[in-house]
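Here is a short report on a pocket and a helix. Have the sequence and the structure open while reading.

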Amino acid sequence: MKTKYDVIVVGGGHAGCEAAAASARCGAATLLVTHKISTIGEMSCNPAIGGLGKGHLVREVDALDGLMARVIDKAGIQFRMLNLSKGPAVRGPRAQADRDLYRTYMLEALRQTANLELKEAAGEGLLFNDEKVSGVVLADGSTLEAGAVVLTTGTFLNGVMFVGHETSIGGRIGDISCAGITPYLKSKGLKLGRLKTGTPARLDGNTINWNVLEKQSGDANPQPFSFLTEQVTNPQIDCGITYTNEKTHEIIRANFERCALFSGLITGKGPRYCPSIEDKLVRFADRTTHQIFLEPEGYHTNVVYPNGISTSLPADVQDAFIHTMKGLENVEILRYAYAIEYDYVDPQELNHCLGVKKIPALYLAGQINGTTGYEEAGAQGLVAGVNAALYAGGGNKEFFVDRSQGYIGVMIDDLITKGVDEPYRMFTSRSEYRLVLRADNADARLTELGHQIGCVGENRYNVFKSKINKIKEFDNYASETFASYADVDALGIAVKHNGKKTLKDIMGYPNVSRETMIKLDSKINEVEPAIYEQVEIDAKYAGYLKREYEDIALFKRDENMKIREDIDYSKIGGLSTEMVQRFERVRPKTIGEALRITGVTPAAVTALLGYIKNA
């Protein structure tokens, strides 16, 4: 084992896996340091990948040659395209995972990655050369040097777990926490806080009465996550659905004072969009029932994940309320739920490359930045890993995705300009350009960008170029081939007879399916469904897309207006002390970023713009 690397990644969770793999793909000699190699890629909470917004992130990670999509395609046990009946902008792929298979395939993918080594050790501190990070201090006192370091500590940074009023130190059941890194970060003047998350109990599926429950099945024709996966071949399994009831709620409410969340033991704020069951009862007091998804954790295990009842209530209360639900009257609880509180760094301390502004050569990714979710973590990890490799390589290049290019850019921009006061979760509603930033076209948006920077390999790039050429070829054919009105009328397609209509024109009409188009022109049957879909979306949403691209052009105008890094905001006339402080806190790189800083007024940006123009 060497003692010096280009990049060292601390943490083997979803952010760490993508960071290490991305750094190595860029050619950097990379080391991934983690407590246990056997838990690399562990799904600490729900055994699933994707969802609305989250699925978009996974597709974008895949477009940049990341690992997550390919791994879930191999480890998935139920695939669903959410919002399939709605427009393409808000459709999101999701898959249940075999927890053991996911971990196995992720470790396998990392071991097969060139330029990457794995080390089982605890990172407990940082080395500095002047003010620049130069390596990592391990728990045994030994040191490893690096040109750049990526911290992906997840919930392990001073993690404390709660079951009722009982507490224990750790970042996850069975794993120790990391206490040494926080002092290093605080000593450099970084602002830190505490956040909270939780996980539900685990149930014995053999003791669930599945016969009385609603079933949720996967899609008949499951769509893979990765653009490299041709077909999902895994057998699909069903999930079950049950509900809380008045008796469930009565038990929980009667024990609020025994809950760590309400008794003051937990000070960190939990995720708004994945609240604990006790939090749901407070925030949605009028609801008499809440839906609970019973999700099997794999092909060869009896463990079931009850999605929707995470809690920090004591074990005896959990035991009582779980058994009130239909189908769970006689269920055996294999492990009780717990909440966990941990340190995070205010993401306004970061730049758009996820580098720490006050500490050169240090990058942060995942829950340490105030986010929640495997997908958010993996996407940040990829960006941090690429930039760490670029920094360690000594060049002046940097890699980032802006808001008009991807949900990765939306997320990072939100984090660094607005900060967080609760765990950040991605939704499609966070983007201004949802029709452009679809899950189905992530490769068209990002693969070329990734190839230019060096994180997309030749195999993926060749597959991508072939696909783009096929899309162009079919688009040209559909745009240049005219349909006869007689054939169109015969198929019952209602179109205006006001000039010649191309096949693409006809594709753009509502309720015109691929099957109908094949009847109109048999050559369409030879076009791959994924290729047809891209041209069809372009046809059906042409007007909306044109408008969105015009909005993006305006966005780019503001993003292209740069702000000097050494600007002294206190010298700008007309800025209040509060506005100066907000600008100094974020130090935006562009006028666009300045406009998006929480609390900054349009008048303040106007003053800033005038100062820049006259400087």
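Ala, Val, Leu, Ile, Met, Phe, Trp, Tyr, Cys and Pro count as nonpolar; Asp, Glu, Lys and Arg count as charged; the others, Gly among them, are polar. The model is predicted: local features need pLDDT of at least 70, side-chain atom pairs count only at pLDDT 80 or more, and totals for chains, interfaces and linings use all residues. Residues are numbered from 1 along each chain as its sequence is written, and side-chain values use heavy atoms, without hydrogens and water.

**The second largest pocket**

By class, its lining divides as follows.

| Class | Lining residues of the second largest pocket |
|---|---|
| Nonpolar | 19 residues |
| Polar | eight residues |
| Charged | 14 residues |

The second largest pocket has a volume of about 1,200 Å³. Its lining comprises 41 residues; Gln223, Pro529, Ala530, Ile531 and Glu533 lie nearest its centre. Helix H17 (529–540) is among the helices that each supply at least two lining residues, as are H2 (54–63), H12 (442–453) and H13 (458–480). H17 gives the largest share, nine residues.

**Helix H21**

Helix H21 (residues 602–614) has 13 residues, which should span 18 Å at 1.5 Å a residue; its end C-alpha atoms are 18 Å apart, which agrees. Ala604, Val605, Ala607 and Leu608 are the buried residues of H21 (under 20% relative accessible area, 1.4 Å probe, protein chains only). They cover an arc of only 155° around the axis, which puts them on the same side of H21. Pro602, Ala603, Thr606, Lys613 and Asn614 are exposed (over 50%) on the other side. The buried residues of H21 pack against helix H19 (577–586) and helix H20 (591–596).

How values were computed. On a 1 Å grid over the protein atoms alone, a cavity is a set of points where a 1.4 Å probe fits but cannot get out, and a pocket is an open set with protein on both sides within 12 Å along at least five of seven lines; lining residues have an atom within 4 Å of a point. Grid points are joined across faces, edges and corners, and a volume is the space filled by probe spheres set on the points. Helices (H or I, at least four residues) and strands (E, at least two) are DSSP runs, numbered from the N terminus. The expected span of a helix is 1.5 Å times one less than its number of residues. The arc is that of the directions from the helix axis to the C-beta atoms. Contact means heavy atoms within 4.5 Å.
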